[in-house]
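Notebook open, coffee poured. I want to go through this one feature by feature and jot down what turns up.

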Amino acid sequence: MRFTEFNFRPELLEGIEASNYETATPVQEQVIPSILDGRDIIASAQTGTGKTAAFLLPLMNTLLNKHVDGQVGALIIVPTRELAIQISQHIEGLSYFTHLSSIAIYGGSDAQNFVAEKKALQMGADIIVCTPGRMIAHLNMGYVNFKGLQFLVLDEADRMLDMGFQDDINRIIKALPEKRQNLLFSATMPEKIRQLARKILHNPVEVNIAISRPPEKVVQKAFVVYEPQKLPLIKKLLKETPYKNALIFCSKKQTVKQLRRELKQGGFNIEEIHSDLEQSQRESVLQAFTSGRIPILVATDILSRGIDIDTIDLVINYDVPHDGEDYVHRIGRTARAEADGVAYTIVSEKEQNRFASIEKLIDKEVEKGLIPHELGPAPAYSPRQRSRGNRPKQRFYRSNNNRKK
Ligand code: AMP
(Lines give C-alpha, C1' and ligand atoms only; values in the text may rest on other atoms or scores of the structure.)
Protein backbone atom coordinates (compact mmCIF):
# COMPACT_ATOMS: atom_id res chain seq x y z
CA MET A 1 0.00 0.00 0.00
CA ARG A 2 1.39 3.37 -0.99
CA PHE A 3 1.37 6.32 1.41
CA THR A 4 -0.61 8.41 -1.06
CA GLU A 5 -3.61 6.12 -0.38
CA PHE A 6 -3.93 7.25 3.26
CA ASN A 7 -5.18 10.71 2.42
CA PHE A 8 -2.47 12.40 4.44
CA ARG A 9 -1.99 16.14 4.19
CA PRO A 10 0.39 17.23 1.43
CA GLU A 11 3.00 18.70 3.81
CA LEU A 12 3.15 15.36 5.64
CA LEU A 13 3.45 13.43 2.36
CA GLU A 14 6.43 15.63 1.54
CA GLY A 15 8.15 14.52 4.75
CA ILE A 16 7.34 10.88 3.98
CA GLU A 17 8.81 11.26 0.52
CA ALA A 18 11.90 13.01 1.88
CA SER A 19 12.36 10.08 4.30
CA ASN A 20 12.36 7.77 1.24
CA TYR A 21 9.36 5.75 2.40
CA GLU A 22 7.42 4.43 -0.57
CA THR A 23 5.12 1.70 0.65
CA ALA A 24 3.69 1.15 4.10
CA THR A 25 5.04 -1.71 6.21
CA PRO A 26 2.49 -4.30 7.49
CA VAL A 27 2.10 -2.64 10.90
CA GLN A 28 1.61 0.75 9.24
CA GLU A 29 -0.99 -0.66 6.89
CA GLN A 30 -2.89 -2.12 9.82
CA VAL A 31 -2.81 0.67 12.36
CA ILE A 32 -2.79 3.93 10.37
CA PRO A 33 -6.44 3.76 9.16
CA SER A 34 -7.72 2.94 12.67
CA ILE A 35 -5.78 5.77 14.27
CA LEU A 36 -7.08 8.17 11.63
CA ASP A 37 -10.59 6.93 12.54
CA GLY A 38 -9.99 8.00 16.13
CA ARG A 39 -9.71 4.49 17.59
CA ASP A 40 -7.53 3.36 20.49
CA ILE A 41 -4.89 0.80 19.52
CA ILE A 42 -3.05 -2.04 21.19
CA ALA A 43 -0.33 -3.35 18.91
CA SER A 44 2.34 -5.95 19.37
CA ALA A 45 5.16 -4.90 17.09
CA GLN A 46 8.89 -4.79 17.57
CA THR A 47 11.53 -2.31 16.55
CA GLY A 48 12.33 -2.68 12.87
CA THR A 49 8.72 -3.14 11.79
CA GLY A 50 8.16 0.56 11.12
CA LYS A 51 6.01 0.93 14.26
CA THR A 52 7.23 4.44 15.07
CA ALA A 53 6.00 5.95 11.82
CA ALA A 54 2.85 3.82 12.22
CA PHE A 55 1.79 5.96 15.17
CA LEU A 56 3.59 9.20 14.31
CA LEU A 57 2.08 9.74 10.88
CA PRO A 58 -1.64 9.49 11.73
CA LEU A 59 -1.06 11.38 14.97
CA MET A 60 0.68 14.21 13.11
CA ASN A 61 -1.99 14.26 10.44
CA THR A 62 -4.70 14.61 13.11
CA LEU A 63 -2.78 17.34 14.92
CA LEU A 64 -2.40 19.23 11.64
CA ASN A 65 -6.15 18.98 11.03
CA LYS A 66 -7.19 19.84 14.58
CA HIS A 67 -4.38 22.13 15.57
CA VAL A 68 -4.69 23.91 18.90
CA ASP A 69 -2.06 26.54 19.48
CA GLY A 70 -0.26 26.72 22.80
CA GLN A 71 -1.19 23.21 23.90
CA VAL A 72 0.54 19.85 24.12
CA GLY A 73 -1.18 17.78 21.44
CA ALA A 74 0.48 14.39 21.93
CA LEU A 75 2.49 12.78 24.70
CA ILE A 76 4.69 9.81 23.81
CA ILE A 77 6.09 7.95 26.80
CA VAL A 78 9.07 5.68 26.21
CA PRO A 79 11.37 3.66 28.48
CA THR A 80 14.79 5.07 27.62
CA ARG A 81 16.53 8.27 26.75
CA GLU A 82 17.98 6.62 23.59
CA LEU A 83 14.51 5.77 22.34
CA ALA A 84 13.27 9.29 23.15
CA ILE A 85 16.08 10.76 21.05
CA GLN A 86 15.49 8.34 18.22
CA ILE A 87 11.75 9.07 18.08
CA SER A 88 12.41 12.77 18.28
CA GLN A 89 14.70 12.51 15.23
CA HIS A 90 12.00 10.52 13.44
CA ILE A 91 9.51 13.32 14.21
CA GLU A 92 11.95 15.92 12.95
CA GLY A 93 12.28 14.11 9.60
CA LEU A 94 8.60 13.39 9.05
CA SER A 95 7.34 16.79 10.20
CA TYR A 96 9.98 18.80 8.35
CA PHE A 97 7.52 20.48 5.98
CA THR A 98 4.85 21.07 8.61
CA HIS A 99 4.56 23.67 11.37
CA LEU A 100 4.46 21.05 14.12
CA SER A 101 6.80 21.53 17.06
CA SER A 102 8.20 18.88 19.33
CA ILE A 103 10.62 18.25 22.14
CA ALA A 104 12.26 15.26 23.78
CA ILE A 105 12.24 15.31 27.57
CA TYR A 106 14.49 12.78 29.25
CA GLY A 107 16.58 12.30 32.34
CA GLY A 108 20.26 12.99 32.68
CA SER A 109 20.26 16.20 30.69
CA ASP A 110 21.46 19.53 31.99
CA ALA A 111 19.76 22.53 33.65
CA GLN A 112 19.53 24.49 30.40
CA ASN A 113 17.50 21.67 28.88
CA PHE A 114 15.24 21.65 31.91
CA VAL A 115 14.38 25.29 31.23
CA ALA A 116 13.54 24.56 27.56
CA GLU A 117 11.45 21.57 28.67
CA LYS A 118 9.59 23.67 31.24
CA LYS A 119 8.84 26.28 28.58
CA ALA A 120 7.48 23.63 26.20
CA LEU A 121 5.29 22.14 28.93
CA GLN A 122 3.88 25.54 29.86
CA MET A 123 3.53 27.12 26.45
CA GLY A 124 2.70 23.95 24.53
CA ALA A 125 4.60 21.85 21.99
CA ASP A 126 2.59 19.77 19.56
CA ILE A 127 4.42 16.55 20.37
CA ILE A 128 6.33 15.66 23.51
CA VAL A 129 8.42 12.50 23.77
CA CYS A 130 9.45 11.72 27.32
CA THR A 131 10.85 9.19 29.70
CA PRO A 132 8.62 8.67 32.78
CA GLY A 133 11.02 9.84 35.51
CA ARG A 134 11.79 13.20 33.93
CA MET A 135 8.11 13.88 33.27
CA ILE A 136 7.33 13.19 36.92
CA ALA A 137 10.02 15.72 37.89
CA HIS A 138 8.20 18.36 35.82
CA LEU A 139 4.75 17.33 37.08
CA ASN A 140 6.00 17.79 40.64
CA MET A 141 6.77 21.43 39.87
CA GLY A 142 3.09 22.10 39.15
CA TYR A 143 3.26 24.01 35.87
CA VAL A 144 2.55 21.22 33.38
CA ASN A 145 -0.43 21.93 31.16
CA PHE A 146 -1.99 18.95 29.38
CA LYS A 147 -5.47 20.48 28.90
CA GLY A 148 -5.43 20.24 25.11
CA LEU A 149 -3.90 16.77 24.90
CA GLN A 150 -5.36 14.61 22.12
CA PHE A 151 -3.01 11.58 22.07
CA LEU A 152 -1.24 9.40 24.61
CA VAL A 153 1.26 6.92 23.17
CA LEU A 154 2.99 4.26 25.26
CA ASP A 155 5.86 2.83 23.26
CA GLU A 156 7.73 -0.32 24.27
CA ALA A 157 5.23 -0.68 27.09
CA ASP A 158 6.54 -4.11 28.15
CA ARG A 159 10.01 -2.67 28.68
CA MET A 160 8.59 0.21 30.70
CA LEU A 161 6.85 -2.20 33.05
CA ASP A 162 9.99 -4.38 33.27
CA MET A 163 11.93 -1.27 34.28
CA GLY A 164 9.45 -0.54 37.07
CA PHE A 165 7.73 2.50 35.54
CA GLN A 166 4.16 1.37 36.23
CA ASP A 167 3.56 3.85 39.07
CA ASP A 168 5.13 6.74 37.16
CA ILE A 169 2.94 5.98 34.14
CA ASN A 170 -0.18 5.89 36.33
CA ARG A 171 0.76 9.26 37.80
CA ILE A 172 1.32 10.85 34.43
CA ILE A 173 -1.99 9.49 33.14
CA LYS A 174 -3.80 11.08 36.11
CA ALA A 175 -2.59 14.47 34.85
CA LEU A 176 -4.11 13.95 31.38
CA PRO A 177 -7.62 14.83 30.21
CA GLU A 178 -9.98 11.81 30.20
CA LYS A 179 -11.02 12.28 26.61
CA ARG A 180 -8.04 11.39 24.47
CA GLN A 181 -6.90 8.76 21.99
CA ASN A 182 -4.61 6.06 23.42
CA LEU A 183 -2.05 4.06 21.46
CA LEU A 184 -0.14 1.25 23.14
CA PHE A 185 2.78 -0.49 21.46
CA SER A 186 4.61 -3.42 22.97
CA ALA A 187 7.01 -6.05 21.62
CA THR A 188 5.42 -8.73 23.78
CA MET A 189 1.95 -9.07 25.32
CA PRO A 190 2.32 -10.58 28.80
CA GLU A 191 -0.69 -10.46 31.14
CA LYS A 192 0.57 -7.32 32.91
CA ILE A 193 0.42 -5.43 29.59
CA ARG A 194 -3.13 -6.66 29.02
CA GLN A 195 -4.07 -5.41 32.49
CA LEU A 196 -2.56 -2.01 31.73
CA ALA A 197 -4.41 -1.96 28.42
CA ARG A 198 -7.74 -2.72 30.11
CA LYS A 199 -7.17 0.22 32.43
CA ILE A 200 -6.16 2.75 29.82
CA LEU A 201 -7.67 1.84 26.46
CA HIS A 202 -11.27 2.20 25.30
CA ASN A 203 -12.52 -0.48 22.95
CA PRO A 204 -9.13 -0.77 21.25
CA VAL A 205 -8.33 -2.20 17.85
CA GLU A 206 -5.89 -5.04 18.39
CA VAL A 207 -3.05 -5.49 15.93
CA ASN A 208 -0.58 -8.30 16.07
CA ILE A 209 2.46 -8.24 13.87
CA ALA A 210 3.86 -11.71 14.34
CA ILE A 211 7.53 -11.43 13.82
CA SER A 212 9.25 -14.30 12.20
CA ARG A 213 12.87 -14.99 12.88
CA PRO A 214 15.44 -16.29 10.40
CA PRO A 215 16.13 -20.02 10.63
CA GLU A 216 18.98 -20.70 13.08
CA LYS A 217 20.98 -22.64 10.51
CA VAL A 218 21.38 -19.69 8.13
CA VAL A 219 24.89 -18.33 8.58
CA GLN A 220 24.50 -14.55 8.47
CA LYS A 221 27.31 -12.14 7.69
CA ALA A 222 27.37 -8.45 6.87
CA PHE A 223 30.01 -6.54 4.92
CA VAL A 224 30.29 -2.88 5.75
CA VAL A 225 31.57 -0.87 2.78
CA TYR A 226 31.42 2.44 0.96
CA GLU A 227 28.83 2.45 -1.83
CA PRO A 228 31.40 2.19 -4.73
CA GLN A 229 32.89 -0.92 -3.10
CA LYS A 230 29.62 -2.86 -3.42
CA LEU A 231 30.12 -4.05 -6.99
CA PRO A 232 33.74 -5.27 -6.65
CA LEU A 233 32.79 -6.95 -3.37
CA ILE A 234 29.82 -8.88 -4.77
CA LYS A 235 31.97 -10.10 -7.65
CA LYS A 236 34.53 -11.38 -5.20
CA LEU A 237 31.90 -13.00 -2.97
CA LEU A 238 30.36 -14.79 -5.96
CA LYS A 239 33.79 -16.02 -7.05
CA GLU A 240 34.93 -17.21 -3.66
CA THR A 241 31.80 -18.62 -2.02
CA PRO A 242 30.77 -22.13 -3.07
CA TYR A 243 27.06 -22.34 -4.02
CA LYS A 244 24.58 -24.19 -6.17
CA ASN A 245 22.03 -21.42 -6.52
CA ALA A 246 22.66 -17.83 -5.46
CA LEU A 247 19.82 -15.36 -5.06
CA ILE A 248 20.70 -11.66 -4.93
CA PHE A 249 18.19 -9.10 -3.66
CA CYS A 250 18.02 -5.39 -4.47
CA SER A 251 15.25 -3.05 -3.27
CA LYS A 252 14.79 -1.27 -6.60
CA LYS A 253 14.25 -2.76 -10.02
CA GLN A 254 16.66 -0.26 -11.61
CA THR A 255 19.41 -1.65 -9.37
CA VAL A 256 18.39 -5.21 -10.30
CA LYS A 257 18.72 -4.41 -14.01
CA GLN A 258 22.01 -2.55 -13.60
CA LEU A 259 23.57 -5.21 -11.39
CA ARG A 260 22.60 -7.99 -13.74
CA ARG A 261 24.22 -6.08 -16.63
CA GLU A 262 27.42 -5.48 -14.68
CA LEU A 263 27.69 -9.07 -13.47
CA LYS A 264 26.93 -10.47 -16.89
CA GLN A 265 29.69 -8.33 -18.32
CA GLY A 266 31.91 -9.71 -15.55
CA GLY A 267 31.32 -13.23 -16.93
CA PHE A 268 28.62 -14.45 -14.51
CA ASN A 269 25.71 -16.59 -15.73
CA ILE A 270 22.86 -14.57 -14.28
CA GLU A 271 19.22 -13.59 -14.88
CA GLU A 272 16.84 -11.03 -13.33
CA ILE A 273 13.29 -10.97 -11.95
CA HIS A 274 11.22 -7.87 -11.18
CA SER A 275 7.79 -6.43 -11.83
CA ASP A 276 8.62 -5.18 -15.35
CA LEU A 277 8.67 -8.76 -16.60
CA GLU A 278 5.52 -10.52 -17.81
CA GLN A 279 4.34 -13.43 -15.70
CA SER A 280 5.42 -15.90 -18.41
CA GLN A 281 8.92 -14.38 -18.56
CA ARG A 282 9.21 -14.62 -14.78
CA GLU A 283 8.19 -18.24 -14.89
CA SER A 284 10.73 -19.18 -17.52
CA VAL A 285 13.53 -17.39 -15.63
CA LEU A 286 12.54 -19.19 -12.43
CA GLN A 287 12.47 -22.48 -14.28
CA ALA A 288 16.00 -21.88 -15.62
CA PHE A 289 17.11 -21.05 -12.08
CA THR A 290 15.55 -24.08 -10.37
CA SER A 291 16.90 -26.45 -13.03
CA GLY A 292 20.39 -25.10 -12.41
CA ARG A 293 20.84 -23.79 -15.95
CA ILE A 294 21.14 -20.26 -14.55
CA PRO A 295 22.91 -20.45 -11.17
CA ILE A 296 22.49 -16.80 -10.15
CA LEU A 297 19.32 -14.76 -9.99
CA VAL A 298 19.01 -11.10 -9.04
CA ALA A 299 15.55 -9.99 -7.90
CA THR A 300 13.49 -7.38 -6.11
CA ASP A 301 11.48 -8.25 -3.02
CA ILE A 302 8.75 -9.79 -5.16
CA LEU A 303 10.82 -12.97 -4.68
CA SER A 304 11.46 -12.49 -0.98
CA ARG A 305 8.22 -14.08 0.14
CA GLY A 306 6.91 -17.46 -0.72
CA ILE A 307 9.29 -18.93 -3.26
CA ASP A 308 10.61 -22.20 -2.06
CA ILE A 309 13.60 -23.51 -3.96
CA ASP A 310 15.55 -26.15 -2.03
CA THR A 311 18.82 -25.57 -3.83
CA ILE A 312 19.30 -21.90 -2.87
CA ASP A 313 22.31 -22.00 -0.58
CA LEU A 314 23.47 -18.41 -0.90
CA VAL A 315 21.45 -15.21 -0.51
CA ILE A 316 23.13 -11.84 -0.96
CA ASN A 317 21.40 -8.61 -0.01
CA TYR A 318 22.98 -6.06 -2.31
CA ASP A 319 21.27 -3.43 -0.18
CA VAL A 320 19.69 -3.40 3.26
CA PRO A 321 15.93 -3.93 3.01
CA HIS A 322 13.76 -1.09 4.31
CA ASP A 323 11.60 -3.39 6.32
CA GLY A 324 13.03 -5.78 8.91
CA GLU A 325 10.44 -8.37 7.93
CA ASP A 326 11.77 -8.28 4.36
CA TYR A 327 15.23 -9.12 5.68
CA VAL A 328 13.85 -12.15 7.47
CA HIS A 329 11.95 -13.22 4.38
CA ARG A 330 14.89 -12.63 2.05
CA ILE A 331 17.37 -14.67 4.02
CA GLY A 332 14.73 -17.31 4.72
CA ARG A 333 14.95 -18.20 1.00
CA THR A 334 18.12 -20.10 1.79
CA ALA A 335 18.59 -23.12 4.06
CA ARG A 336 15.19 -24.50 3.08
CA ALA A 337 14.38 -28.07 4.04
CA GLU A 338 17.54 -29.92 5.04
CA ALA A 339 19.97 -27.64 3.18
CA ASP A 340 22.37 -25.26 4.89
CA GLY A 341 22.58 -21.68 3.78
CA VAL A 342 24.63 -18.53 3.88
CA ALA A 343 23.18 -15.01 3.84
CA TYR A 344 25.41 -12.03 3.16
CA THR A 345 24.29 -8.42 3.46
CA ILE A 346 26.28 -5.61 1.93
CA VAL A 347 25.82 -2.51 4.05
CA SER A 348 26.81 0.91 2.76
CA GLU A 349 27.54 3.80 5.07
CA LYS A 350 24.08 5.30 4.83
CA GLU A 351 22.44 1.92 5.43
CA GLN A 352 24.16 1.27 8.75
CA ASN A 353 21.32 2.59 10.92
CA ARG A 354 18.79 0.54 9.05
CA PHE A 355 20.90 -2.58 9.46
CA ALA A 356 21.24 -1.87 13.18
CA SER A 357 17.45 -1.79 13.54
CA ILE A 358 17.25 -5.15 11.75
CA GLU A 359 19.80 -6.58 14.17
CA LYS A 360 17.60 -5.31 16.96
CA LEU A 361 14.53 -6.86 15.40
CA ILE A 362 16.12 -10.30 15.01
CA ASP A 363 17.78 -9.85 18.39
CA LYS A 364 21.18 -10.80 17.04
CA GLU A 365 24.39 -9.01 16.24
CA VAL A 366 25.30 -10.22 12.76
CA GLU A 367 28.99 -11.08 12.29
CA LYS A 368 30.82 -8.48 10.20
CA GLY A 369 32.94 -9.98 7.42
CA LEU A 370 36.42 -8.75 6.53
CA ILE A 371 36.66 -6.62 3.41
CA PRO A 372 39.34 -7.88 1.00
CA HIS A 373 42.27 -5.48 1.24
CA GLU A 374 42.46 -4.91 -2.53
CA LEU A 375 39.12 -3.03 -2.19
CA GLY A 376 40.84 -0.39 -0.08
CA PRO A 377 39.86 0.92 3.36
CA ALA A 378 36.26 0.32 4.41
CA PRO A 379 34.19 2.29 6.95
CA ALA A 380 33.81 1.14 10.54
CA TYR A 381 30.42 -0.15 11.65
CA SER A 382 29.10 2.64 13.83
CA PRO A 383 25.34 3.05 13.43
CA ARG A 384 23.79 6.03 15.18
CA GLN A 385 21.45 3.91 17.27
CA ARG A 386 24.39 2.26 18.98
CA SER A 387 26.21 5.36 20.08
CA ARG A 388 25.11 6.58 23.45
CA GLY A 389 24.82 10.21 24.36
CA ASN A 390 23.84 11.18 20.83
CA ARG A 391 21.29 13.97 20.70
CA PRO A 392 19.30 15.73 18.09
CA LYS A 393 20.99 18.95 17.02
CA GLN A 394 18.01 21.03 18.08
CA ARG A 395 16.07 20.02 21.12
CA PHE A 396 13.18 22.38 20.59
CA TYR A 397 12.06 23.38 17.19
CA ARG A 398 9.06 25.58 16.71
CA SER A 399 7.21 26.43 13.59
CA ASN A 400 9.39 28.18 11.11
CA ASN A 401 8.21 29.40 7.77
CA ASN A 402 11.67 29.05 6.24
CA ARG A 403 11.32 25.35 6.64
CA LYS A 404 8.32 25.21 4.35
CA LYS A 405 8.95 25.06 0.65
P1 AMP B 1 10.95 1.30 13.66
O2 AMP B 1 10.37 -0.09 13.68
O3 AMP B 1 9.93 2.33 13.87
O4 AMP B 1 12.12 1.39 14.61
O5 AMP B 1 11.54 1.58 12.18
C6 AMP B 1 12.62 0.86 11.65
C7 AMP B 1 13.25 1.58 10.46
O8 AMP B 1 12.38 1.52 9.32
C9 AMP B 1 13.51 3.07 10.68
O10 AMP B 1 14.82 3.34 10.21
C11 AMP B 1 12.48 3.78 9.83
O12 AMP B 1 12.95 5.02 9.35
C13 AMP B 1 12.27 2.81 8.71
N14 AMP B 1 10.90 2.85 8.10
C15 AMP B 1 9.73 2.99 8.75
N16 AMP B 1 8.69 2.94 7.90
C17 AMP B 1 9.21 2.75 6.68
C18 AMP B 1 8.64 2.60 5.36
N19 AMP B 1 7.33 2.60 5.17
N20 AMP B 1 9.49 2.44 4.33
C21 AMP B 1 10.82 2.42 4.54
N22 AMP B 1 11.43 2.53 5.74
C23 AMP B 1 10.63 2.70 6.81
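Before anything else, the cut-off I need for burial: I call a residue buried when its relative accessible area is under 20%, and exposed when that figure is over 50%. Also noting up front that this is a predicted model.

**Entry: a buried ion pair**

I started with E117 and R134, since both of them are buried. They form a salt bridge, and the closest N and O atoms are 2.8 Å apart. I looked up where they sit: E117 is in helix α5 (residues 111-123) and R134 in helix α6 (residues 132-141), so I have a link between distant parts of the chain, 17 residues apart.

**Entry: the other salt bridges**

How many salt bridges are there by this rule? The count comes to 19. General reminder to myself: side chains of opposite charge can pair when their charged atoms come close.

Next I pulled up K230 and E351, a salt bridge with its closest N and O atoms 3.0 Å apart. K230 belongs to helix α10 (residues 230-240), while E351 is in the loop between β13 (341-347) and α14 (352-361), so this pair ties together parts 121 residues apart in sequence. Are these two buried or exposed? K230 has 2% relative accessibility, so it counts as buried. E351 comes out at 8%, so it goes down as buried too.

Helix α10 turned up again with K236, which pairs with E374. For that salt bridge I have 2.9 Å between the closest N and O atoms. E374 lies in the loop between β14 (367-368) and β15 (396-397), so the parts tied together here are 138 residues apart in sequence.

I also found a network: K51, D155, E156 and R159 are joined by salt bridges that share partners.

**Entry: odd backbone angles**

E156 caught my eye a second time. Its phi is near 50°, a positive value in a residue other than glycine. Most residues other than glycine have a negative phi, so I wrote this down. E156 is in the loop between β5 (151-154) and α7 (157-162), and at 9% relative accessibility it counts as buried.

N203 is also not a glycine, and has a positive phi of about 45°. I placed N203 in the loop between α9 (191-200) and β7 (205-208). With 60% relative accessibility, N203 counts as exposed.

**Entry: cysteines**

I searched the whole structure for disulfides and got zero. I checked two cysteines for burial anyway. C130 is buried at 0% relative accessibility, and C250 is buried with a relative accessible area of 0%.

**Entry: cavity**

How many cavities of 30 Å³ or more does the structure hold? I get one. The volume of the largest cavity is about 50 Å³. Its lining is made of L63, K66, H67, V68, Q71, G73, D126, G148 and Q150. Sorted by type, the lining residues are two nonpolar, five polar and two charged.

**Entry: domains and one strand residue**

The protein chain splits into domain 1 (3-208) and domain 2 (218-402). I took the domain centres over C-alpha atoms and got a separation of 33 Å.

Last lookup was I77, in strand β2 (residues 74-77). I77 is buried, with a relative accessible area of 0%. From I77 to A53, 24 residues apart along the chain, the C-alpha separation is 15 Å.

Terms used. Residues numbered from 1 in each chain as written. Predicted model: local features only at pLDDT ≥ 70, side-chain atom pairs only at ≥ 80, totals over all residues. Heavy atoms only, no water. Disulfide = S-S within 2.5 Å. Buried < 20%, exposed > 50% of the residue type's maximum accessible area, 1.4 Å probe, protein only. Domains from an automatic or database assignment. 1 Å grid on protein atoms, 1.4 Å probe; cavity = no way out; pocket = protein on both sides within 12 Å on 5 of 7 lines; lining within 4 Å. Points joined across faces, edges and corners; volume = space filled by probe spheres on them. Nonpolar A, V, L, I, M, F, W, Y, C, P; charged D, E, K, R; others polar. Salt bridge = Lys/Arg side-chain N within 4 Å of Asp/Glu carboxyl O. Helix = DSSP H or I, 4+ residues; strand = E, 2+ residues; numbered from the N terminus.
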